[in-house]
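Trainee: I am new to this structure and would like a close look at one part of it. Please take the place where the two chains meet, and then follow the charged pairs and the cysteines from there.

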Amino acid sequence: MDTKGKIQVSAKDVNVFYGDKQALQNITLDVKSNKVTSFIGPSGCGKTTFLKCINRMNDLIDICRVEGNILVAGQDIYDKSVDMVALRAHVGMVFQKPNPFPKSIFENVAYGMKIHNMTSSKSELADRVEDSLRRAALWDEVKDRLDQPGTGLSGGQQQRLCIARTIAVQPKVILMDEPASALDPIATAKIEELIHELKQNFTIIIVTHSMQQAARVSQQTAFFHLGNLVEFGKTTDIFTNPQDERTQNYITGRIG
Amino acid sequence: MTNSFTDITPSLRRRHARETRFKWMGKIAIIIAVSFLLVMVGSIAWLGSGALKQTRVQLNVHLDAAQIDAAAVADANYGKLIKTALLDRFPEVTKRRDKKSLYGLVSYDAAYALHDRVVAEPGLIGQDLRMWFVASDDLDMLIKGNLETTGDENRRRFSDKQLGWINSLKEEGAIKSVFNVAFFTTGDSREPELAGVLGAFVGTAFTLLVCFCLSFPIGIMAAIYLEEFAKKNRWNDLIEVNINNLAAVPSIVFGLLGLAVFLNVFGLPRSSPLVGGMVLALMTLPTIIIAARAALRAVPPSIREAALGIGATQIQTVFHHVAPLALPGMLTGAIVGMARALGETAPLLMIGMVAFIVDIPGSVVQPATALPVQIFLWADSPERAFLEKTSAAIIVLIVFLILMNLVAILLRNKYSQRF
Ligand SMILES: Nc1ncnc2c1ncn2[C@@H]1O[C@H](COP(=O)(O)OP(=O)(O)O)[C@@H](O)[C@H]1O
Ligand SMILES: [Mg+2]
């Protein structure tokens, strides 16, 4: 339903607590469809925490409590009627450390489609696996060893496998938590290239601690500091003309 | 050392010495442990090896047609035929007491063996039959060299006169040792030379089968629920504490519980592997639950995140990804629990699996005994010949344990090969 330029994710006054400790304060921001939005900020400022609010991965943490509203495609995701499984099929996630299943490469990509009954035949499943691997720019490297364990790939390949696994279930939004932080520069470049490709079809939110990366891949940037959203806007504006002193200090390397 | 790193050399030497010392202590500990094990297993094997041999005596039985009614072959007095055969062999024996001790050379099983043979081949009636019979336990012990043959005659099992008979039998080649097949194919008996371990073996197999079928699925399910689904609240803390306590409860208490609940309230069959297995399952459950929870906890959270992150339900996450990875650990826990159950005697005594049972149990509801209980019973018997049976039964128990663990290890390797 959503078209380019529409709001895909919208947060209003989001507060997150770990037990008594508040990790995020009054976060309000809108993420547009088919754009790459990056979250930057020093370690421990709450980027991951906010990202995990968007697909409710925070629910796994017993002590974590979320207040405020987050809408995805117009739907309040913390509403009681929302099924977490449906939400996570709509909002995929790629984690900081590549975490392929200890199963074959094929099975890694096919798993999501299998559990969601997305294909009607084996050949269709195989086609979709190939398609996902191609879109993750991994097909050529693994097409001869689809039955080999996904855990046997290199770090960068594993991360692209995880991206293939995520896009296979056709989410609208992909959350990426420092997807390249464990990778070498060449693998990182591949992932960044991939993000460029993927934004045609997906809304991407990427957490990164590398400002260069944020500048290279994203159109929108949000700067977090100590649990606050300090500044949010066009990436070019944030990097060339930051409004807030903290942003300025961070991008010039004085904090973080 | 003369190189550029010399400034830490003194302390380095001390550190290396400590390492060497530790390695040696470790080696000594292992040597001590292994030698204990060798002494134990070796002595049992030494004692038990005798039970693998059985002494046989050959007699020439005249199947007197006057003694065996051709119309009722099965009803003839075969014991008398055996006695006659012995008296024919030693015509010099006339005194009542001597006759009695002469008869005592062969097992009372001889009459049954002869009966079976003649019933199977009635054509033998009227002929002379040379046949090997099982020797009595005393003769068996003598042949195996376990009895005194010198010294005060009154304190020996065999007098010089009896030894003379036995020697004469030996000289004509009428005494031999054969592999004791019966030990592995028959149930218990009051006569040591006839007692076998199969009844207890089958009883143990049935009991452990029941135990495994109950405790493994229940234990795994409980562990998965507690670890993956249950909310961390006070009730679950209480349950956790109780499970840990249950693991430490003496096994005889579970036996009493089985007696009170399974036998007296539910009226399940006494002495049956069903009840034995249920009691042992109660005992094994906490062990399996604790081990399975540890195995589940050891699965990296990133696997759970990966599955949940693409929209797997909690159940799918657990059963497709977490449980398969935890399975080897769960099986290890089950092995430990089952091994403990295998050697358990006390709770089985409580529910009556200590009875003297000759028949091999055919199902889990028939009366049975178990290997450890059989060992206990034989060890308690006064006959000298039960000593080697006891050791042999221990060997069977150990072999059973090794086989069980082998199966578990094979299973574990099979399932952990999913990369
Ligand atoms: N599971 C957790 N339990 C308690 N506190 C947490 C947990 N995860 C994160 N936090 C706290 O929340 C804050 C934000 O963490 P995080 O979102 O991981 O930061 P970032 O990803 O920006 O480095 C940190 O102060 C961290 O200590
Ligand atoms: Mg983080």
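Mentor: What follows starts with the contact between the chains and then moves to salt bridges, cysteines and two single residues.

This is a predicted model, in which local features need pLDDT of at least 70, side-chain atom pairs count only at pLDDT 80 or more, and totals for chains, interfaces and linings use all residues. Residues are numbered from 1 along each chain as its sequence is written, chains are lettered from A and ligands numbered from 1 in the order in which they are written, and side-chain values use heavy atoms, with hydrogens and water left out.

Chain B gives 18 residues to the contact and chain A gives 26 residues, where contact means heavy atoms within 4.5 Å. Together the two chains bury about 1800 Å², 65% of it on carbon and sulfur atoms; buried area is the accessible area (1.4 Å probe) that two parts lose on being put together, summed over both. Between chain B and chain A there is one salt bridge, a term for a side-chain nitrogen of Lys or Arg within 4 Å of a carboxyl oxygen of Asp or Glu. E305(B) forms a salt bridge with K52(A), with 3.4 Å between the closest N and O atoms. On the side of chain B that touches chain A, the elements that give two or more residues are helix 12 (301-309) and helix 13 (314-342) of chain B. Helices (H or I, at least four residues) and strands (E, at least two) are DSSP runs, numbered from the N terminus. Helix 12 of chain B supplies the largest share of that side, seven residues.

Over all chains, the whole structure holds 23 salt bridges. One of them joins R135(A) and D131(A) at 3.8 Å, N to O. These two are four residues apart in helix 4 (residues 122-135) of chain A, which means they are separated by about one helical turn. R135(A) is partly exposed at 28% relative accessible area, and D131(A) is partly exposed at 36%; buried means under 20% relative accessible area, exposed over 50%, and partly exposed in between (1.4 Å probe, protein chains only).

In chain B, E172(B) and R89(B) form a salt bridge, their closest N and O atoms being 2.5 Å apart. E172(B) lies in the loop between helix 6 (160-171) and strand 3 (175-179) of chain B and R89(B) in helix 2 (residues 78-89), so the pair ties together parts 83 residues apart in sequence. A network of salt bridges links E227(B), E240(B), R293(B) and R297(B).

The count of disulfides over all chains is zero, a disulfide being a pair of cysteine sulfur atoms within 2.5 Å. For C53(A), the nearest cysteine sulfur, that of C64(A), is 6.1 Å away. C53(A) is buried, at 0% relative accessibility.

Q58(B) lies in strand 1 (residues 53-62) of chain B and is buried, at 17% relative accessible area. Not counting residues up to four places away in sequence, Q58(B) touches R130(B), M131(B), W132(B) and A174(B).

P242(A) sits in the loop between helix 9 (235-240) and helix 10 (245-251) of chain A and counts as buried at 13% relative accessibility. Leaving aside neighbours within four places in sequence, P242(A) has contacts that include E231(A), D237(A) and I251(A).
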